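Ready to practise reading a protein structure? Work through each exercise with the viewer open, then compare your reasoning with the worked solution.

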Amino acid sequence: SLIQVSHDRGTYPIQLAGHRYDDTTRPVEESMFILGQDIYEFGGTPDCAVMSINTYNKIAARQWNKIVPVDKAEAETMGNRKLGLEFPWGVVPFRVETDCPDNLVYLLEMKTWKIVHLTGKLPEDIKEASGQGGFFQTSDDTVQLRYRAYWNLMCSRPASNGVCSVDSTAF
């Protein structure tokens, strides 16, 4: 059940903005464990850790980058198929996002996130003045389709998500 609070983020920062853990002196894995514990105490169970490719590679090199058999019929190769941390509620896999800053790691409960549209409808195609749904370019025989959408990413329970700061230079 959702915690009923006012809309003042200053009064209820965790319920309305999520958890934040800012101790860059700890290793990133330990920071993730502490953040996960804080989220769990508020009823959340994150199922995805989002980080930059640099953070992922540095964690893999420091912790788990061993010779891993990918397929028994093939030769062993260097690397990992996937990485994750084991929490009491299960393994939280790492997901690499190219736009994620190197100094942040996000723990997310994906079922609390959804994309919503202002009108509640699918994107609408933009009609030309003639009533046609596409813009015809006669010079190269192509059709350009245009759509109008007002989408927003919405989180129904921010207290089930969090972000931790990591020292990206300490790897």
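**Exercise 1.** In this predicted model, find which residues N161 touches, leaving out residues up to four places away in sequence.

*Solution.*
- Step 1: Start from N161 and collect its partners with lower numbers: G18, H19 and I39 are among them.
- Step 2: Carry on along the chain, and you can add L107, L108, E109, T112, W113 and C155.
- Step 3: Place N161 itself: it sits in the loop that runs between β13 (151–155) and β14 (162–165).

**Exercise 2.** Decide whether N161 is buried or exposed, and work out what its side chain contacts through polar atoms.

*Solution.*
- Step 1: Compare the accessibility with the cut-off: buried means under 20% relative accessible area.
- Step 2: N161 has 5% relative accessibility, so it counts as buried.
- Step 3: Now follow the side chain of N161. It reaches the backbone nitrogen of E109 at 2.8 Å.
- Step 4: The side chain of W113 is a polar partner too, at 3.0 Å from the side chain of N161.

**Exercise 3.** How many aromatic pairs does a search of the whole structure find, and how are the rings of Y40 and W89 arranged?

*Solution.*
- Step 1: The search gives four aromatic pairs.
- Step 2: For Y40 and W89, the ring centres are 5.2 Å apart and the planes meet at 15 degrees, so this pair is stacked. The cut-off used here is that planes under 30 degrees apart count as stacked.
- Step 3: Look at where the two rings come from. Y40 belongs to helix α2 (residues 28–41), while W89 is in the loop between β5 (84–87) and β6 (90–96); they are 49 residues apart, and the pair links distant parts of the chain.
- Step 4: Check accessibility. Y40 is partly exposed because its value is 45%, and W89, at 25%, is also partly exposed.

**Exercise 4.** Extend the picture: which residues do ring pairs link into a cluster?

*Solution.*
- Step 1: W89 also stacks with F87, with 4.7 Å from centre to centre and 15 degrees between the planes.
- Step 2: F87 has 5% relative accessibility, so F87 counts as buried.
- Step 3: Put the rings together: F33, Y40, F87 and W89 form a cluster linked by ring pairs.

**Exercise 5.** Step back and describe the whole chain.

*Solution.*
- Step 1: Count the elements: the chain has three helices and 14 strands.
- Step 2: Of its 171 residues, 29% are buried.
- Step 3: Among contacts with a separation of 6 or more, 68% come from residues 24 or more positions apart.

Definitions and conventions
Residues are numbered from 1 along each chain as its sequence is written. This is a predicted model: local features need pLDDT of at least 70, side-chain atom pairs count only at pLDDT 80 or more; totals for chains, interfaces and linings use all residues. Side-chain values use heavy atoms; hydrogens and water are left out. Helices (H or I, at least four residues) and strands (E, at least two) are DSSP runs, numbered from the N terminus. Buried means under 20% relative accessible area, exposed over 50%, partly exposed in between (1.4 Å probe, protein chains only). A polar contact is a pair of N or O atoms within 3.5 Å; within protein, one must be able to donate a hydrogen and the other to accept it, and residues adjacent in sequence count only if both atoms are side-chain atoms. Contact means heavy atoms within 4.5 Å. Rings of Phe, Tyr and Trp (its six-membered ring) pair if their centres lie within 6.5 Å; planes under 30 degrees apart count as stacked, over 60 as edge-to-face and the rest as tilted.
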